[in-house]
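Let us take a walk through this structure together. Please have the chain open in your viewer and follow along.

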Amino acid sequence: MMSERYELQNASSKRLEWTVSAVGLAAFCYALYRALSGSIAIEWVLLSIVTVFFISRIDIRLPKSASAITLSDTFVFTSILLYGLPLSVLLAGVEAAVNSITHKDSRKFTLFNASLMSLSIFISGKAMVLALGEFNPATARFGAVLAACALLALFHFLINSGLVGLMISLRNQRDFFVIWKESVLWTSFSTFVGAAAACLIYQLIAVVSFLAFIIAVPILAITYFTYKVYLEKVEVSNRHAEEMAALHLRTIEALAIAIDAKDEVTHDHVRRVQIYCTGLARLFGLSDPEIEALKAGALLHDIGKLAVPDYILNKPGTLTPAEFEKMKVHTIVGAEILERVGFPYPVVPVVRHHHERWDGRGYPDGLRGDEIPITARILAVADCYDAVREERQYRRAMTRQEAIDILRQGSNTTFDPNVIAAFLDHLGDFENEIREQGLQLQTFASKDEHGFTRQRKNEERPVVYERIRSAHKEVITLYDIAQTIGKSLDLRDTFAVFSSRLHDIVGYTTCVLYLTRHDTGEIEAAHVSGRNAELIKGKKMSSGIGIAGWVVANSHPMHNSDPRLDFDALRADIKEAYRTATVVPMIKDDEAIGALALYSTDIHSYHMDHLRLVEAVAKLSADAIANALHHRRTETNALTDSMTGLPNARALRYRFDEALDRAQRHKDNFCVVMMDLDGFKNVNDKLGHQAGDSVLTEIARLLVSQTRSTDFVSRYAGDEFVAILHVTPEEAKETVNRIQSTVEKYRFVANSEGIYVGVSAGFSCYKVDGTTLDELILAADRDMYSNKLKRKEKAAQSTLLNAQESNPFRVM
C-alpha cells in the first residue's frame, strides 16, 4: 500500500543518513589520527583559518533552493595538492560543520554534512592516488596537477551530489535521476571551476611562494562575483517565470470559477476534485509536470461542457442515446480548447481521457488499462466519487459509504484498481484537507418518504447573522451576473439572467428593458418579464416622455416614481394598480443605450440598498447589452441579403441544420424547394441592373406572401431562391404551383415598361431524396430542370396548336 511504501522510504532515508554519518565520521577520525601523527605546516593552519572563518561565510544561494555554493572547494582541493589528504579531510569536515552551524536551516544536518564532506574528500583523494600515484608537490608538473584536480573534482561531485540526491529522493518519494538532474547536476559547474582555480593557485604558490595565495584572492573574488551576478540574473528570470505561472494559475482558477457559476448544482466540485487528484498524484510519485497537469485538469476537466446544451446538463430524466452522444463531446471539445492555450505540461490528455474505462469501453478513444494516462485514471476516480456525493436534478446524492461502494464495484472494470485502493486508503486525509479549506458539502443526509438518501441544506442561521448572509448573497449574485452575461451575445439570454437575479435580490412585479431606437429616436420596451409583459412588450414612447423617456434623455436615474407615467406614455392598458417604479439608465461610452425599469404592486417604495443593487446590475449589464446589440446587427447583416431582405445562403444552412435537428427529434419531414427565374437575363440586358434589382425585390415579396410564417425563404444566388417547407410532398407540390401561378400573373413594371418574368421550380423531400442540404438542393434542381423541360414542351405544343387553329387550309 501507499502508506507502507512511504514509511519504507522514510526509514530508508534515515538509514542512509546514519550510514553516511558513521562512515564519514570514521574517515574524519582516521584523518585526525594521521594528522596528529605527523607535522602540521603553519601555512596549512593559515589556509584553514581563511577557509573556515572567511571563505565558508561567502556563499551564493541557489535559486529556488535552500542550498548554496561556496568557494571552499577551491581551498580544500588546494590543501590536498599542497599538504596531503589527512589534513584536507580535516579541513573539509570542519568547514562543512561550521558552514552548517552558521545557517539556521542546515543546523539539524550538521553531522550529516560534515561527515559527507569528509567522506567525499577522503574517497576523492584516495581515487586520485590510485589513478596517479602519490602526489609530490615538489616534482609535479602542470599536466599532473591538472589531471589531479580533474579527478578530485569528478569524484567529489559524483559522491557528494549522488548521496545528496539519493537522500532527497527517499525523503520526497521522487525519482532519483529527476531529483539529481533538477537539483544538483548544475552544481558541477561550481565544482570544476573550483578545481581549476585550485590548480591555478597551486601553480602560483609553486612558482612564486605561499604569498601568491594573496594574488589568488582577487582572481577568486572576480570569479565569485561574476558567478553571483549570473545567478542573480537566473533568480530574476525564475521569479518572472514564477509570476507568469502564478498568473497562469489565476487564469485557470478564474475559468474554473466561471464553469462553477454556470453549473450551480456542482459548486466547488472542481476544487474538491483537485484536492483528491493532487493527493493521489503525490502518492503515485508523479513528476512535477504531471502534478501540475493534474491540478489544471482537475480544475478544467469539465470545460468542454460549455459545448453541451444546458437542457442536457440539467435534464431531470435519463439522457437519450442522442443526448448522451452530445454529452460525450465535452471531452473532445475540452481537449481542443486547452490545446489552444499551450500549457507547459500535459494537461490535454487528462481532460480528453478522463472518461476512458479500465476495460476499454469508455470514450472518446476506447483506451484500455495502462493505455490510459495515469493522470486521466486518477481524475476519473476523483471526479466520480465527488459527483455521486452531490445532489443532481436527475438523481439524489449518495452517502459516503454508497459512493465508496460505487468505486469498489467499478474497480478493474471502470477504474484502475490500484488507483481505487490508494484513494480509499487515504480518503480520510483528503477529506480533512477539504474541510480545512472550507469546501465540504454544507449539507447533511436524511431519508425521504421513499427511503432514498436526500441532502438538505443546513438550518438557517440566527437572525443576528442575516445581514452578513444577505451581503454575501449580493456579492455572489452580482458576480454570477457578471460571469454569466459576459458569456452570451444573445440579448434575450442576457436579459433573462439579470432579470431573474434582480427578482431574487430586489423583487418586482414587472421588469422592463427599454432600448433606444436610433432610426426613430423612440424608446422601445424590447424585453419584459413578470406580470402584464404581453401588454408592455414592443410598445414605444418618445424620448423625454414618461419616466423611462426622461431617464434615457438625461442619463440620470429616477427612483420611487409613479409607474402610471410610463404606462400612459406607452399607451399600455394595464388595470392593475402599481405602487412604485425605479428606472436607471443603461450607459455605454457616455451614451444612454436604454433603461432598466422595475415596477412593483407590492413594494411601497424601494430602499437605498435596492436602488444601489439595481444601478450595479445596470452598470454590469450595459456592456453586455451593447455587445449583444452589436452582435445582433452584425449577425443580421451577415445572414441577410442586402437587396431583397431575405436570408442568404449562409442563413439557409443554419436554418437547414435546425430543420434537420427537428426532423430527427420529432420524426418529422420537410421539403426543399429550388426556384429559378425565367426571362430575368433579358431584364438585365434590356433595362439594366437597376430594373433587375427591382424585379428581384418584388419576387422576394411574392415568394414570402405565398408561404407560411413557419416556412423559410432565402435568396440562394443570383436569380435562384431556395425555400424550406415543413409540409408533405403533396403540399409542397401545391405550394410550387401556387408560386408559379402568382409570379406569372403578376405584372412587373420597370421604366414604364411591362416585364415578363416567370419562375421554374422543383422540390425534394428529406430522407426520400437525401439527408443533407447539398443532396436535397441537387435533387430539387433536377426536379426543377425536369419541370422546366415539361413546361417548354407544353408551351411548344400550345404554340403549335394555336398555329394550326389559325391556318385551317394547311395540307394534312
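What follows looks at a sheet and the helix packed on it, and then at a helix with its aromatic partners.

Please keep in mind throughout that this is a predicted model. A good place to begin is the open sheet, which is built from six strands in the order β7-β6-β5-β10-β9-β8, with antiparallel pairing. Strands β7 (540-542) and β8 (558-561) take the edge positions; each has a single partner strand, so one side of each is left without a neighbour in the sheet. If you go across from one strand to the next, the twist averages 25°.

Now find helix α22, residues 546-554, which packs on this sheet. The helix touches β5 (510-516), β6 (522-530), β7, β8, β9 and β10 (591-600). Its direction makes about 30° with that of β9.

Strand β9 deserves a closer look. On one side, two bridges join the edge strand β8 to β9 (residues 580-588), and these two strands run antiparallel. Here M558 stands opposite V583 in β9. On the pairing of β9 with β10, the sense is again antiparallel, and nine bridges hold the two in register. One of the bridge partnerships is between K588 and E591, the latter in β10. The two strands form a hairpin with two residues between them, and D589 in the turn has a positive phi of about 55°. As for its surroundings, β9 is mostly covered, with seven of its nine residues buried.

Next, turn to helix α10, which covers residues 269-283. How far does this helix of 15 residues reach from its first C-alpha to its last? The span is 22 Å, close to the 21 Å expected at 1.5 Å a residue. Of the 15 residues, 13 are buried, so α10 is largely enclosed by the rest of the structure. After the helix comes G285, whose phi is positive, near 65°.

Within α10, Y276 is a rewarding residue to centre your view on. Its relative accessible area is 3%, under the 20% limit, so Y276 counts as buried. What does its ring meet? A pair of aromatic rings is described by the distance of the centres and the angle of the planes. For Y276 and Y385 the centres are 5.7 Å apart and the planes are at 85°, so the pair is edge-to-face. Y385 belongs to helix α15 (residues 374-389), and the pair links distant parts of the chain, 109 residues apart. Like Y276, Y385 is buried.

Y276 also forms an edge-to-face pair with F423, at 5.3 Å centre to centre and 70° between the planes. Because Y276 lies in α10 and F423 in helix α17 (residues 417-425), this pair ties together parts that are 147 residues apart in sequence. F423 has 0% relative accessibility and counts as buried.

To finish, step back to the wider group of rings. Ring pairs link Y276, Y385, F423 and F430 into a cluster. Across the model, the count of aromatic pairs comes to eleven.

Note on methods. Residues numbered from 1 in each chain as written. Predicted model: local features only at pLDDT ≥ 70, side-chain atom pairs only at ≥ 80, totals over all residues. Heavy atoms only, no water. Pairing = 2+ DSSP bridges. Helix = DSSP H or I, 4+ residues; strand = E, 2+ residues; numbered from the N terminus. Axes fitted to C-alpha atoms, helices over the stretch in contact; angles between N-to-C directions. Contact = heavy atoms within 4.5 Å. Expected span 1.5 Å × (residues − 1). Buried < 20%, exposed > 50% of the residue type's maximum accessible area, 1.4 Å probe, protein only. Phe/Tyr/Trp six-rings, centres within 6.5 Å; stacked < 30°, edge-to-face > 60°.
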